[in-house]
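Work through the exercises below with the sequence and the 3D structure at hand. Try each task before reading its solution.

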Amino acid sequence: MECSFALTGKGYVLIAADMTSARSIVKMKHDEDKVKPLGPHLLMTYSGEPGDTVQFAEYVERNLRLYQIRNHSVLRPHSAASWIRRTLADSLRSRSPYSVNLLVGGYDVSEHEPHLYWIDYLGTMATVPFAAHGYGSYFALSLLDRYHNPSASLEEGIETLKRCIDEVQKRLIIGLGKFKVRVVDKDGVREIEI
Amino acid sequence: MAQQRSFNPYTENGGTILAIAGADFAVVAGDTRQTEGYSIQTRYAPKVFRLTDKAVLAVNGFAADGNMFVKKVKQRLEWYKHAHSKDMPLQSIARLIQTMLYAKRFFPYYVYNILGGIDEQGKGAVYSFDPVGSYERETCRAAGAAQSLVQPFLDNQIYFKNQTGEHPTHLPLPHVLQLVTDSFTGATERHIEVGDGLEMFVILARGRGSQELEGVAGIREVTTSDERERVFVINRDLKRD
Amino acid sequence: MELNGGSVVAMVGKNCVAIASDLRLGNQALTVATNFEKVFPVTDRIYLGLPGLATDVATLRERFRYRVNMYTIKEEREIEPETFAHLVSSTLYEKRFGPYFIEPVVAGLTSPERGSKPFIAATDLIGCLNFAKDFVVCGTASSKLFGVAEGLWEPDLEPDELFETISQTLLNAVDRDAFSGWGAIVHVITPEKVVTRTLKGRMD
């Protein structure tokens with residue numbers, strides 16, 4: 001029932017993920033943060049097999065930090081996403097694959113453009129204007145087909161994101177509680193209350 | 001230990017059929033190869049049958065069911081003729097086929113039917129059916145083993161799909177015959193269950209000239225009465241490998 | 001193959017070759033992206049189509065770029081299309097018992113010293129090569145592509161005619177396939193240049 005959305009706009013990427021962590025029919029937690037800042041201008045949501053998710057997200061986070069320390073430069077969004085994809089693709093054919101689905105959003109400070117990548121546990125990567133994972137994708141993708149505007153202001157982008165979240169809360173048989181929303185733009189990463 | 005045995009009443013005999021409606025004619029074609037698995041049972045087993053002088057039926061799928069079905073349709077048409085002293089109209093044959101197929105909804109005839117001919121307005125018509133009787137009138141339809149090869153080609157060449165500009169709604173007969181031949185040579189080239197021979201039935205509307213068919217190789221007329229719709233059969237060779 | 005969908009076709013013309021793919025990336029019945037290209041340049045005159053499991057599309061693209069770069073450095077010349085086809089074949093056969101789920105298509109021209117001759121080839125997912133003289137097809141719409149290509153293709157097409165033929169073949173084939181479509185991209189390779197065009201297609 002996990003669910004995450006992301007969309008690009010004029011100079012930003014908005015990323016949202018639900019905050020519940022459930023085991024079977026029990027809600028164990030309702031304030032789980034599944035949107036991880038990976039760098040000064042990079043965000044990632046993660047969902048999938050409990051355990052794998054946090055382990056993999058922290059592995060990615062530390063490796064990107066290590067790259068930054070070694071090279072005195074931050075990986076650009078596409079390079080970071082490619083490295084993450086390759087890590088998952090290699091993991092897929094290993095003895096214990098990670099089952100983690102990701103949305104990676106970043107702001108490229110050298111070309112001044114937002115980028116969004118849809119990545120699944122197989123290591124499939126797609127460069128997209130908007131994306132979703134989980135059951136929410138069946139509602140959100142059609143809404144985003146209709147309402148997404150790549151040159152929308154942040155306020156308009158938030159409105160569109162709210163539509164997606166509201167639709168999921170309305171139509172999905174289980175309510176997902178609160179959503180954590182973060183945005184990345186030229187000023188870096190910050191949280192947004194909706 | 002008790003062994004579970006079961007009898008499978010169906011098999012698949014390959015082959016492909018195709019029908020195209022023109023303004024005042026229809027063409028119904030099928031290859032003549034009959035297969036089971038990787039074996040060729042015969043190189044000449046007709047899949048296209050003249051029902052009346054204005055209706056031709058092509059059956060594809062399980063050959064035994066197909067032959068039985070055609071036999072029963074022909075019987076019903078004969079009863080109709082004795083009762084009403086005329087041939088059944090094409091759209092009525094189409095509805096008859098639907099009810100006959102749906103009557104066996106829970107033990108279906110394992111066949112795809114395509115009915116071609118001339119309707120009551122004297123226009124070319126094609127009706128296509130699924131095994132349980134869903135049917136639709138169309139301009140062209142392919143069915144059988146090479147349906148997936150032939151149908152997109154027809155979409156392009158008959159419906160002019162993905163082509164811009166003005167297009168005719170109906171094509172001339174020689175052009176249609178050429179497309180049918182090309183479809184089957186193409187299917188023969190790439191599908192192992194298609195080949196040996198091509199049998200094309202051409203149904204001409206009442207009063208329509210047959211000049212375009214003069215000099216066509218392997219043609220023969222199979223019309224049964226004068227002054228009405230006319231039916232011709234064209235036999236061509238297809239590759240036998 | 002049906003997990004992500006996608007199709008590729010390549011055709012030979014008169015002193016030219018063309019290769020084209022659709023743009024859909026799906027997750028079974030759900031379309032995730034409509035800008036997912038499956039054809040990549042290998043050299044200036046060789047293109048490689050990789051329809052199949054999308055994760056392997058990206059991985060193989062990276063691997064082939066690495067192996068072709070190594071070849072170019074070691075041999076101090078550009079790789080020939082025949083050689084590259086064999087490189088593809090052996091790369092796939094290396095994984096004979098745990099394969100990449102990809103059916104590659106190679107299209108290119110031989111080097112000018114060898115007459116800039118058209119070359120196309122395709123392999124199955126474990127690298128069995130098929131050197132065709134006319135056209136090759138791969139992916140979820142392969143049976144449809146075979147049917148249309150067999151009807152439309154003819155020998156010695158000029159580059160513009162070849163472009164029309166391959167475009168019509170691909171568009172009409174993918175329109176009958178639920179797993180492929182959502183636009184297409186076509187590359188026509190001639191001795192002088194490569195012309196790449198993006199086609200609009202049905203978006204259903």
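**Exercise 1. Salt bridges**

How many salt bridges does the structure hold over all chains? Examine one pair, Glu62(C) and Arg85(A).

Solution. The model is a predicted one. Over all chains, the structure holds 42 salt bridges. In the pair Glu62(C) and Arg85(A), the closest N and O atoms are 3.6 Å apart. The cut-off for a salt bridge is 4 Å between a side-chain nitrogen of Lys or Arg and a carboxyl oxygen of Asp or Glu, so a pair of this kind at such a distance counts. Next, place the two residues: Glu62(C) sits in helix H1 of chain C and Arg85(A) in helix H2 (residues 77–92) of chain A, and the pair crosses between chains.

**Exercise 2. Chain C against chain A**

Describe the contact between chain C and chain A, beginning with the residues and ending with their classes.

Solution. Step one is the residue count: 22 residues of chain C are in contact with 17 residues of chain A. Step two is the area. About 1,300 Å² is buried between chain C and chain A, with 56% of it on carbon and sulfur atoms. Three residues, Leu30(C), Val32(C) and Thr55(C), supply 36% of the area that chain C buries against chain A, which is more than any other three residues give.

Step three is the polar side of the contact. Between chain C and chain A there are three salt bridges. In one salt bridge, the side chains of Arg93(A) and Asp56(C) meet at 2.8 Å, N to O. Eight residue pairs are in polar contact between these chains, with both residues at pLDDT 80 or more.

Step four asks which elements of chain C take part. Strand E3 (25–27), strand E4 (30–33) and helix H1 (54–75) of chain C each give two or more residues to the side that touches chain A. H1(C) gives the most, with seven residues. By class, this side of chain C has 12 nonpolar, seven polar and three charged residues.

**Exercise 3. Chain B against chain C**

Repeat the steps for chain B and chain C.

Solution. The contact takes 15 residues from chain B and 16 residues from chain C. The buried area is about 1,400 Å², and carbon and sulfur atoms give 52% of it. Across this interface there are three salt bridges. Arg190(B) and Glu150(C) form a salt bridge through their side chains, at 2.8 Å from N to O. Five residue pairs are in polar contact, both residues being at pLDDT 80 or more.

On chain B, helix H3 (147–157) and helix H4 (173–190) each supply at least two residues of the side that touches chain C. The most comes from H3(B), with eight residues. The classes on this side of chain B are three nonpolar, seven polar and five charged residues.

**Exercise 4. A sheet in chain A**

In what order do the five strands of the open sheet in chain A lie, and which are the edge strands?

Solution. The order is E10-E1-E2-E11-E12, with antiparallel pairing. Strand E10 (130–134) and strand E12 (188–192) of chain A each pair on one side only, and these are the edge strands. On average, neighbouring strands are turned by 15° against each other, direction ignored.

Now look at one pairing. Strand E2 (residues 12–18) and strand E11 (residues 179–185) of chain A run antiparallel and are joined by seven bridges. Ala16(A) stands opposite Val181(A) in E11(A). Finally, helix H3 (residues 136–147) of chain A lies across strand E1 (3–9) and E10, running at about 165° to E10(A).

Conventions. Residues numbered from 1 in each chain as written. Chains lettered and ligands numbered in written order. Predicted model: local features only at pLDDT ≥ 70, side-chain atom pairs only at ≥ 80, totals over all residues. Heavy atoms only, no water. Contact = heavy atoms within 4.5 Å. Buried area = accessible area lost by both parts, 1.4 Å probe. Polar contact = N/O pair within 3.5 Å; in protein donor to acceptor, adjacent residues only side chain to side chain. Helix = DSSP H or I, 4+ residues; strand = E, 2+ residues; numbered from the N terminus. Nonpolar A, V, L, I, M, F, W, Y, C, P; charged D, E, K, R; others polar. Pairing = 2+ DSSP bridges. Axes fitted to C-alpha atoms, helices over the stretch in contact; angles between N-to-C directions.
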